Amino acid sequence: QHNETETQFKTQNLNGMKVLLLLLLVGLVAAEPQGTVCDVCKKGVSELQSVIDAVIGKLKKGVSMVCSFLPFDQCEEKVNPVLDFVLNYIKSLDATHLCSMIGNCDEEEVPVAEMSPVGDEATCNECLAQYDNIVAILDKYPQIKTTVQTVLKAVCYLPIENCYQLIEDIVDEAFDELKKGGQELCTQIGQC
C-alpha cells in the first residue's frame, strides 16, 4: 500500500506541475507585447510620460540610494540635474517622435509638429545654462548615464511593456541629443 500511495502522490504532483506549467505558459503568451514594435513603444513612452510627475520624488530617493554606492563627492548634486534633463526630455516629446528617434517607428509615421517656445528669453537662457552645467558634469562623470538609467528603471514595476529596454533606449537618445548643442536642444524642447 505504501507504493500505491507514493505513486498517487507522484501522479498528483505531476498533474499539479502540468497545470502550473500551463498557467505559466498562458501568462507568458498573455504578457507578450501586442501590436507592432512602434505601437508598443508609443504605448510605453506614453505610460512613462504619464507617471513621471507622480514618481519624481521616488526617483530622487533612488538617486540618493544609488549615490551611496558611487565613489564621487556630491553625487546627488551631479546626478539630479542630469535626471531632471532626461525626465524633461521624455515629457517634452511626442511619443511617436521619440520612438522614431530610438528606431522603433518609421520616419513616415512621425507627425510633423511645430513646437512653439514655452518660455521667454529668461527661460531660454536658463535652459542654455542648465545645458552647459549638464555637459560639464557628464564630461567629468560619464558614469552618471548608467546611474540615470538605473534610477529610471525603478518605474518598471509598472506594467510598461519592454520597460527596461525602452528606458535604456530613451536615455541613450537623450544623451545623444546633448551632442546637438544647447541652442538646438533647448529649441527642440520648446524653451528657446
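Mentor: In this predicted model, helix α2 (residues 37-67) packs with helix α6 (residues 144-152) at an angle of about 130°, and their axes lie 9 Å apart.

Trainee: Why are α2 and α6 called oblique to each other?

Mentor: Angles over 145 degrees count as roughly antiparallel and those from 65 to 115 as roughly perpendicular, whereas the angle here is about 130°; α2 and α6 are therefore oblique to each other. Their crossing is right-handed.

Trainee: Which residues make the contact?

Mentor: On α2 the contact is formed by L59, G62, V63 and V66, and on α6 by T147, T150, V151 and L152.

Trainee: What makes three of these residues polar?

Mentor: Val and Leu count as nonpolar, while residues outside the nonpolar and charged lists, Gly among them, count as polar; the contact of α2 with α6 accordingly divides into five nonpolar, three polar and no charged residues.

Trainee: How do you know that T147 is buried?

Mentor: Buried means under 20% relative accessible area, and T147 has 4%, so T147 is buried. Leaving aside residues up to four places away in sequence, T147 touches V66, L70 and V79.

Trainee: What makes L152 stand out in the largest nonpolar core?

Mentor: This core has 52 residues, of which V86, I144, V148 and L152 touch the most other members. The elements giving two or more residues to the core include α2 and α6, and the largest share, 10 residues, comes from α2. With residues up to four places away in sequence not counted, L152 touches L59, L83, V86, L87, I90, I167 and V171.

Conventions:
Residues numbered from 1 in each chain as written. Predicted model: local features only at pLDDT ≥ 70, side-chain atom pairs only at ≥ 80, totals over all residues. Heavy atoms only, no water. Axes fitted to C-alpha atoms, helices over the stretch in contact; angles between N-to-C directions. Helix = DSSP H or I, 4+ residues; strand = E, 2+ residues; numbered from the N terminus. Parallel < 35°, antiparallel > 145°, perpendicular 65-115°, else oblique. Left-handed = near helix turned anticlockwise from the far one by under 90°. Contact = heavy atoms within 4.5 Å. Buried < 20%, exposed > 50% of the residue type's maximum accessible area, 1.4 Å probe, protein only. Core = buried A, V, L, I, M, F, W, Y, C linked by side-chain atoms within 4.5 Å.
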